[in-house]
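Hi,

Here is the structure I promised to pass on. Have a look at it first, and then read my notes below.

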Protein chains: 6
Amino acid sequence: MSGGVPAAPAAGAQAEADRVAEFTAFRKRMNERILGEDNQVVRRFFALDTQTYKPGALDLRTKEMLGLVASMVLRCDDCISYHVAQCKEAGVTREEMFEVFSVGLVVGGSIVIPHLRRAVDFLDRLEGGEASAPAGHDHG
Amino acid sequence: MSGGVPAAPAAGAQAEADRVAEFTAFRKRMNERILGEDNQVVRRFFALDTQTYKPGALDLRTKEMLGLVASMVLRCDDCISYHVAQCKEAGVTREEMFEVFSVGLVVGGSIVIPHLRRAVDFLDRLEGGEASAPAGHDHG
Amino acid sequence: MSGGVPAAPAAGAQAEADRVAEFTAFRKRMNERILGEDNQVVRRFFALDTQTYKPGALDLRTKEMLGLVASMVLRCDDCISYHVAQCKEAGVTREEMFEVFSVGLVVGGSIVIPHLRRAVDFLDRLEGGEASAPAGHDHG
Amino acid sequence: MSGGVPAAPAAGAQAEADRVAEFTAFRKRMNERILGEDNQVVRRFFALDTQTYKPGALDLRTKEMLGLVASMVLRCDDCISYHVAQCKEAGVTREEMFEVFSVGLVVGGSIVIPHLRRAVDFLDRLEGGEASAPAGHDHG
Amino acid sequence: MSGGVPAAPAAGAQAEADRVAEFTAFRKRMNERILGEDNQVVRRFFALDTQTYKPGALDLRTKEMLGLVASMVLRCDDCISYHVAQCKEAGVTREEMFEVFSVGLVVGGSIVIPHLRRAVDFLDRLEGGEASAPAGHDHG
Amino acid sequence: MSGGVPAAPAAGAQAEADRVAEFTAFRKRMNERILGEDNQVVRRFFALDTQTYKPGALDLRTKEMLGLVASMVLRCDDCISYHVAQCKEAGVTREEMFEVFSVGLVVGGSIVIPHLRRAVDFLDRLEGGEASAPAGHDHG
């Protein structure tokens, strides 16, 4: 179901993998730093963000796809990567992921294209084992 | 599953029903007017918009929920009403609809609240038979 | 401190006053309707929204001005009117309000101008006693 | 060059014409009210906004088309109507206007469609003599 | 017509030139990867995006300036760089480019300034021969 | 008042400090380059941007906090860093800064979280002496 064009072995794949690992560590460190601050509104917002994606009337898969398309039309690369990883973890196939992308692209317009390129690159890396999903909900 | 507060019989319910009918007629008339224009890019965009929501790897229900949450975080009332109607038509329950709203609200923030109010009002009217879904895909 | 041009006695001032009263009733009714729904994420978001503007390290006045400028650059008329009313209630003067507007205008650009016009019109009505602030926090 | 579907004689055309006239009066009145206020940043912003569209290296026509497409992707109806009127005044043809619309639609996505419908409706009214361009630059 | 301040010979000009070349390669590779995927909506969107900028009632120059200002107010660096390059290719002068920038800045506000800095930097590099336009339409 | 979790001594703190210094130099160089261009609208916009934050009816502190929350909901990292530095310079405490962040987060939603992480990281660096405020107003 994946495309016919194989992902070219990226020049700098190692550098990119390092960059992803560095970002994951940064996200984890800063989330702890933020939650360590004595601001109850911010803490509650983070708790609410986690609760939002728990299975309910809609299952996790659907909720993560909703989070992905919302991140895409709002054009936030970190959020897109995060939800791409969560979607894959939840069993969303590449073909389904591209249908989510297509809704995001048509609703949000060509301004979404640069983010789509980075989303597909990230998905390729996930599938190639170069990147990994965060353990548990990690706030975009 | 619906809330305990019954929708107050709206003062001006008839006026509102008229307003919805008027908007539906306006949308239909202007879509024809736009498609009657000799601009191929615009026409193709409208065709592509219709194609986007056709069932594929994802079913219609899921795609309409994706369209709804995207419209919500981008804060477009007409688009929200449209996808609420399409979701209901596709069998999305009120409880599921509120979970879509919750994702939109948390991703998009309190700036989404005025649109949420209008979305719930529109959903109430749909359920009360005062408003109806457009026949077929009708471009938001 | 207000401008030299008096607000022209609006044709349809009564109609406009009615429209504001109608909107206030709609907001109240829909907020109850939304909170009556059994969706915990949405309810918690509303509670968090209320908590956000409680005095803390920053006083109410400052927080309401922050809410106002954020609403302005995000261009949400309902939110702007709401925070204009809350600011006035908290003692923000007209001159100060215009400085908030000036930050919103310069950061957000000329696309903010139509919202500025409606904000000033609403402020004029508030000062003229035609519109009033909601009793307590009422979610934009 | 216009489309084959004639604009249906709108039910409520008179009501709509009244609404346009009322808006034009509101814009004029509020602009005066805003400029009458003793806030130099706001006044200078308005002056700068006027200066922006003066012919320079680019002619008025081109600048107004730039203002139109920017208003369209930012989805501000008042700004769109304003620049549609200015474009027509500057000699932009209906066919050219639709090409501006097509760029706005493709860059900004389907979320632009409701604004496109209102833009075309406004253009139809302008061409039918029901609406008119403001006299001179009038800040969106 | 260019400004009096010469572009300081950038520390790291080579590094920056490498970065631009790397981005161009990334864009090309990912576009192929995306178009290689079996998703017709995405493919058609890319085709439509290309078609949008073909000369019609408006010439290429004007259409590229429209794409540039739209990208600027939506604040997408990749899209801005792309259209700056296409504009230059189409014969838009530096003076005209700055008038496009001025419309984007006034409509979009000071939030556009960081993107303006990067746009001017990119334009400087283009004029200095350090960066180059993509061969043919390449989707932002 | 700061959180209990000490900022981990960042791997690459030196690299990051270099990156901040490089960005500050870039901003300064490009601002000069832009102001050196013969475009009066752009120059006047920059002058107006500076004037906006001068103390008036509201003091500098309040105006910088307004600039910060506006930058946060519009999600511009450069602008956020700039106003964080200006706020600190104007005496805004860390606890107050987090209350500004909380308003930005609740109004703007979870899409703001990645920017919040970078804002807190930047604030940590400022407090640790690794980054510094620009000398005088420097346009985001």
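The largest nonpolar core has 240 residues. The residues with the most contacts inside that core are A:Val69, B:Val69, C:Val69, D:Val69, E:Val69 and F:Val69. Keep in mind that this is a predicted model. As background, nonpolar side chains tend to be buried together in soluble globular proteins.

What does B:Val69 touch, leaving out residues up to four places away in sequence? In chain A, the partners are A:Leu66, A:Val69 and A:Ala70. In its own chain, B:Val69 touches B:Val100, B:Val103 and B:Gly104.

Next, how chains A and B are related. A turn of 180° with a shift of 0.0 Å along the axis lays chain A on chain B, with an RMSD of 0.0 Å. The two copies are thus related as by a two-fold rotation axis. They also meet through the same surface, because 100% of the interface residues of chain A are interface residues in chain B too.

Chains D and E are worth a look as well. Chain D superposes on chain E by a rotation of 180° with 0.0 Å of shift along its axis, and the RMSD is 0.0 Å. Here, too, the same surface serves both copies, as 100% of the contact residues of chain D recur in chain E.

How many residues does each chain give to that contact? There are 25 residues from chain D and 25 residues from chain E. On the side of chain D, the elements that give two or more residues are α2 (40–52), α3 (60–73) and α5 (94–108). The largest share, nine residues, comes from α5(D). By type, this side of chain D divides into 13 nonpolar, seven polar and five charged residues.

Now try following one helix, α3 (residues 60–73) of chain E. At 1.5 Å a residue, its 14 residues should span 20 Å, and the end C-alpha atoms are indeed 20 Å apart, so the two agree. Is α3(E) mostly enclosed or open? Twelve of its 14 residues are buried, so α3(E) is largely enclosed by the rest of the structure. Among the buried ones are E:Leu66, E:Val69 and E:Ala70, and also the charged-looking names on the list, E:Lys63 and E:Glu64. The buried residues pack against α3 and α5 of chain D, together with α4 (77–89), α5 (94–108) and α6 (113–127) of chain E. Just after α3(E), E:Arg75 takes a positive phi of about 60°.

Happy browsing!

Notes
Residues numbered from 1 in each chain as written. Chains lettered and ligands numbered in written order. Predicted model: local features only at pLDDT ≥ 70, side-chain atom pairs only at ≥ 80, totals over all residues. Contact = placed C-beta atoms within 7 Å. Helix = DSSP H or I, 4+ residues; strand = E, 2+ residues; numbered from the N terminus. Expected span 1.5 Å × (residues − 1). Buried ≥ 20, exposed ≤ 12 C-beta atoms within 10 Å, placed from the backbone. Least-squares fit on C-alpha atoms with pLDDT ≥ 70 in both. Core = buried A, V, L, I, M, F, W, Y, C linked by C-beta atoms within 7 Å.
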